[in-house]
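The exercises below are meant to be worked with the sequence and the structure open side by side. Try each task before reading the solution that follows it.

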Amino acid sequence: MSPSKNSKLNAWVEEVRAMVQPDKVEWCDGSKAEYDRMMQILLDAGLATKLKKRPNSFLFRSDPSDVARVEDRTYISTRNKRDAGPTNNWTSPDELKATMRGLYNGCMKGRTMYVIPFSMGPIGSDIAKIGVQLTDSAYVVVNMHIMTRVGSKVMDVLGANGDFIPCLHSVGKPLQAGQADNGVWPCAPIEKKYIAHFPEENLIWSYGSGYGGNALLGKKCLALRIASAMGRKEGWMAEHMLILRLTNPEGRRFHIAAAFPSACGKTNLAMLQPPLKGWKAECLGDDIAWMKIKADGRLYAINPEAGFFGVAPGTSYKSNPMAMDSIKENAIFTNCVLTDDGDVWWEDMDKPCDHGIDWKGRDWKPGKEVGAHGNARFTAPAKQCPVICSDWENPEGVPIDIFVFGGRRTRVMPLVHQATSWDHGVFMGATAASEPTAAALDASSALRRDPMAMLPFCGYNVGDYWQHWFEMGDRLGSKAPAIFYVNWFRKSDAGKFLWPGYGDNARVLKWMCQRVEGKVGARETPLGFMPNAEDLDLTGLSISKENLDEVLKVDAAAFKAEFGDLDGWMAKVGEFLPERMKKQVTEYKKRFGG
Ligand code: GTP
Ligand code: SPV
Ligand code: MN
């Protein structure tokens, strides 16, 4: 018996059930009892290990083919190819659905199909959206409990006629009668994985992966790919951005939203603690921002998520103490090392680990191979973060003062620069570039353009996306956020980071806030406004003058040497390039005298 009064939902659940043929269907209520029951199922299946050292926390090891997002297997399926644009994989909805129906047919045999009603954003808020995920993975159920708001309250909001975004998911591994997972992470081989989006009907179909954004469909699939397409149609924005509040010694609040590509520092910046006297930072979100213009003409942001799905390697009390405190209990770990005393470990954690079981389940000692996968992750409730804003669930959101773009660049790109206009800022975001990370299985090129950190997440044509940004700027006018670009990742020839990064990034944020207030200097460069060394608060920082000069320098010859790459990127967007972007490119080159 279904507990739903919603006939659209009941009909869809029945239609899917008939196709995937699960042993049974279970409706999720989001309760603690349900979480515990799912964990017990996962323990019994040999997929979860209970950690002795962390209360109510569990470790999972996935399959080596299923450790990150798979961009080559991710589709934006629209009737016309042009609407998916030059940066997305496209197949027509008819063709893709036919292929996927073939795979879905009987794919849940021997398994339970869970029905997960969830809200992205505070339940009942006018910005929130309701999704319902059907999945055969109990691992997905427990993760969705943390990352979204699951439960019967969602069903109340949905009522008899409310609308929802259908999210169908299967790990793609049916079980024979009597067969069990037996400690083997269920998923399908890479060529059978499909992460499909149908933005014209707000529909998500995912098959074959049980990991992260491929499987927790509220996150990248709904809150970014589908929501970005909805935002364009409805005049709002869904962005791959952290949200943080910085309060200065006088008590003035600044809200900052920053877009960095996957594994390029959002979680770290979102939870940073400034080493600057009198300055306070609080976290609102670490990955996604939904933003709307409100009656006062300003842009307000909410975090649609309820938890953090953060990169584990590199996270330590030194780099991100607030993240470490967020994962002390009630956390899920995936692809980390299991230590001999029953805790988790990963590379660059505070103390070394001499022995354990690695992410592949093998006896492990430090040596040639890493113990934790590069994209090993933790899942933890946002409310466990000691510096989460007390009003982080306020459905009204917070007014954004500052946008920051950035990426991971070993060379060329200086520490920070500021746009001289909104259009210039859109150009900075559109041309953002980063070196590849472990967050996507198949991103390999040396330097990739990742516009607004949305390359893998924009659910429509990137040319239209940039046009949408320009138009949002027109609507915001003088109330538009100031736009900056940062790079924390410059290295010396010897391969050492030039800028200390992490908490010290607050020094750069302080300069941004003071720029907004008109209280601090800058020099004009071909990139935009940049601080002179004396414009940055460097109290208590140990950095050599040489390194500081290096990160604050504009190497015109190096930028000119990248004109070809810039032209190539613009040519890729080609016929879809907004006129205003072409103008920015011309002006940019002119400023460099070329
Ligand atoms: P997604 O969750 O994939 O969207 O990633 P994210 O943008 O939240 O990345 P995260 O903050 O988890 O950072 C990823 C890696 O970058 C970690 O290994 C961090 O230690 C490292 N990192 C973050 N901030 C800095 C910094 O300021 N300097 C340096 N050198 N490394 C940093
Ligand atoms: C990212 O890759 O940007 C993530 C992790 O936040 S995942 O949810 O797996 O996409
Ligand atoms: Mn992300």
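Helices here are DSSP runs of class H or I with at least four residues, numbered from the N terminus. The model is a predicted one, and every value below is computed from it.

**Exercise 1. Place K97 and T99 in the fold.**

Task: In which helix does K97 lie, is K97 buried or exposed, and which residues distant in sequence does K97 contact?

Solution. Begin with the secondary structure, where K97 falls in helix α3, which spans residues 93–104. Next take the relative accessibility of K97, which is 13%; because the cut-off for a buried residue is under 20%, K97 counts as buried. Finally look for partners, setting aside the neighbours within four places in sequence, and K97 is found in contact with F198, E201, L203 and W205.

Helix α3 also holds T99. T99 has a relative accessible area of 36% and is therefore partly exposed, since that class lies between 20% and 50%. As a last step, the C-alpha atoms of T99 and K192 are 9.9 Å apart, although 93 residues separate the two along the chain.

**Exercise 2. Divide the chain into domains.**

Task: Which residue ranges make up each domain, and how many residues of domain 1 and domain 2 are in contact?

Solution. The domain assignment gives domain 1 as 7–46 + 69–235, domain 2 as 239–306 + 393–565, and domain 3 as 308–384. Between the C-alpha centres of domain 1 and domain 2 the distance is 32 Å. Across the boundary of these two domains, 39 residues of domain 1 are in contact with 32 residues of domain 2.

**Exercise 3. Describe the surroundings of ligand 1.**

Task: How many residues surround ligand 1, and which elements and domains supply them?

Solution. The count comes to 22 residues, of which the closest are A263, K266, T267, R377 and Y502. Sorted by class, the shell has 10 nonpolar, eight polar and four charged residues. Turning to elements, α8 (266–270) and β17 (307–311) each supply at least two residues of the shell, and α8 gives the most, with three residues. At the level of domains, both domain 2 and domain 3 contribute at least three residues each to the shell around ligand 1.

The polar contacts can then be listed one at a time. A backbone N or O atom of T267 lies 2.8 Å from an oxygen atom of ligand 1, and a backbone N or O atom of C264 lies 3.3 Å from an oxygen atom of ligand 1. From N268 it is a polar side-chain atom that lies 2.9 Å from an oxygen atom of ligand 1. The protein covers 93% of the 670 Å² of accessible area that ligand 1 has on its own.

**Exercise 4. Examine the backbone of A263 and Y502.**

Task: What is the sign of phi in A263 and in Y502, and where do these residues lie?

Solution. As background, most residues other than glycine have a negative phi. In A263, phi is near 60°, a positive value, and in Y502 phi is near 50°, also positive. A263 sits in the loop between β13 (253–259) and α8, whereas Y502 sits in the loop between β29 (482–486) and α12 (506–517). A263 has a relative accessible area of 23% and so is partly exposed; Y502, at 43% relative accessibility, is likewise partly exposed.

**Exercise 5. Describe the surroundings of ligand 2.**

Task: Which residues lie around ligand 2, and which of the helices and domains supply them?

Solution. The residues around ligand 2 are R69, G212, G213, K219, K220, H240, S262, D287, F309, R377, A439 and F457. They divide into three nonpolar, four polar and five charged residues. Helices α6 (212–215) and α7 (218–234) each supply at least two of the shell residues, and domain 1 and domain 2 each contribute at least three.

For the polar contacts, start with the backbone: a polar backbone atom of G213 is 2.8 Å from an oxygen atom of ligand 2. Then come the side chains, with a polar side-chain atom of K220 at 3.0 Å from an oxygen atom of ligand 2, and a polar side-chain atom of S262 at 2.5 Å from an oxygen atom of ligand 2. The protein covers 98% of the 290 Å² of accessible area that ligand 2 has on its own.

How values were computed:
Residues numbered from 1 in each chain as written. Chains lettered and ligands numbered in written order. Predicted model: local features only at pLDDT ≥ 70, side-chain atom pairs only at ≥ 80, totals over all residues. Heavy atoms only, no water. Near = heavy atom within 4 Å. Polar contact = N/O pair within 3.5 Å; in protein donor to acceptor, adjacent residues only side chain to side chain. Areas by Shrake-Rupley, 256 points an atom, 1.4 Å probe, with all protein chains shown as cover. Nonpolar A, V, L, I, M, F, W, Y, C, P; charged D, E, K, R; others polar. Domains from an automatic or database assignment. Buried < 20%, exposed > 50% of the residue type's maximum accessible area, 1.4 Å probe, protein only. Contact = heavy atoms within 4.5 Å.
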